[in-house]
Amino acid sequence: MWVYEKKLQYPVNVSRKNVHLAKWIITQYGGPDGELAASLRYLNQRYSMPTERGKATLNDIGTEELAHLEIVGTLVYKLTKDATVAELKAAGLGGHYADHDRALFYVDANGHPWTAEYIQAKGDPIADLLENMAVEQKARATYNWLINLSDDPQVTDVLRFLREREVVHFQRFGETLNYIQEFMDSKKCF
Amino acid sequence: MVVNNSCQALLCRIQQVEFVALELNLYLNTHPCDQRAIEKFNRAYQELCELKNQYEQQCGPLMNFGFGMNKGNTWLWAQQPWPWEM
């Protein structure tokens, strides 16, 4: 089971309302390389992961991604709070307003809804861990592009923290992959 | 119990120490024999326990489902602000 902590993993402050920035950042909430996809992918892969180290890594990184989902949600919430309909329209969020008002939703930067087609569980530990490593790199690149788009230093600070986490997760999945390759080699009989 | 400046400073310290523990946890998942890292993890755990206990006494509940206490006779969990509102 999970237990909730009534705090963010990393503090989130924004300088001002910024609807344009929120429209782009929401891709890390419900986009293809976002935090929801990452968390659900890793937690679901735990069941077929053969080693104890692999299961622990998937469980714990999958859990940390939920904390990142809340950080991204908080960014979007704070950047769009009190936005007028005119401001939402001007930022290209007229369609979002029609379907969701100011509610958050799991969409990418272009408004496409989240789908399980973003993620995979192959059941093969090598394939799954390599997918996860690729995903961490794609998320790192996405945060890079978001940092390039950001004109709010306080938001950029949070995006930098999240980008760094992708690098650490990539490293841990790589170590897990190396260990599993040794584990699988040791099981071969000639 | 109100979330004031000293509570914010305490929360900031909890975020820092918990991040240390989380990082060591992920590292130890793939380096389970590193004794120095285990010692550091246990030290972070001790400090975190003390900080969270202090936060709950002074500022309100941090965790639900019985992982934290409710001080006083009003139910604080559903009254205090949520992380995205702070």
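This report looks at one long-running helix, the contact between chains A and B, and two residues with positive phi in a predicted model.

Let's start with helix α4 of chain A, which covers residues 52-80. At 1.5 Å a residue, its 29 residues should span 42 Å, and the end C-alpha atoms are indeed 42 Å apart, so expectation and model agree.

α4(A) also turns up where the two chains meet. The contact draws on 24 residues from chain A and 18 residues from chain B. On the chain A side, the elements that give two or more residues are α4 and α8 (153-186). The largest share of that side, 10 residues, is down to α4(A). Sorted by class, the side of chain A that touches chain B holds 10 nonpolar, five polar and nine charged residues.

Now for the backbone oddities. Most residues other than glycine have a negative phi. Asp82(A), which follows α4(A), goes the other way with a positive phi, and Phe65(B) has a positive phi too, although it is not a glycine. Here they are next to each other:

| Residue | Phi | Place | C-beta atoms within 10 Å |
|---|---|---|---|
| Asp82(A) | about 65 degrees | loop between α4 and α5 (85-90) of chain A | 8 other C-beta atoms |
| Phe65(B) | about 60 degrees | segment after α2 (35-58) of chain B | 10 C-beta neighbours |

Are they buried or exposed? A residue is exposed if 12 or fewer other C-beta atoms lie within 10 Å of its own. Asp82(A) has 8, so it is exposed. Phe65(B), with 10 such neighbours, therefore counts as exposed.

Methods. Residues are numbered from 1 along each chain as its sequence is written. Chains are lettered from A and ligands numbered from 1 in the order in which they are written. This is a predicted model: local features need pLDDT of at least 70, side-chain atom pairs count only at pLDDT 80 or more; totals for chains, interfaces and linings use all residues. Helices (H or I, at least four residues) and strands (E, at least two) are DSSP runs, numbered from the N terminus. The expected span of a helix is 1.5 Å times one less than its number of residues. Two residues are in contact if their C-beta atoms, placed from the backbone, lie within 7 Å. Ala, Val, Leu, Ile, Met, Phe, Trp, Tyr, Cys and Pro count as nonpolar, Asp, Glu, Lys and Arg as charged, and the others, Gly among them, as polar. A residue is buried if 20 or more other C-beta atoms lie within 10 Å of its own, exposed if 12 or fewer, and partly exposed in between; C-beta atoms are placed from the backbone.
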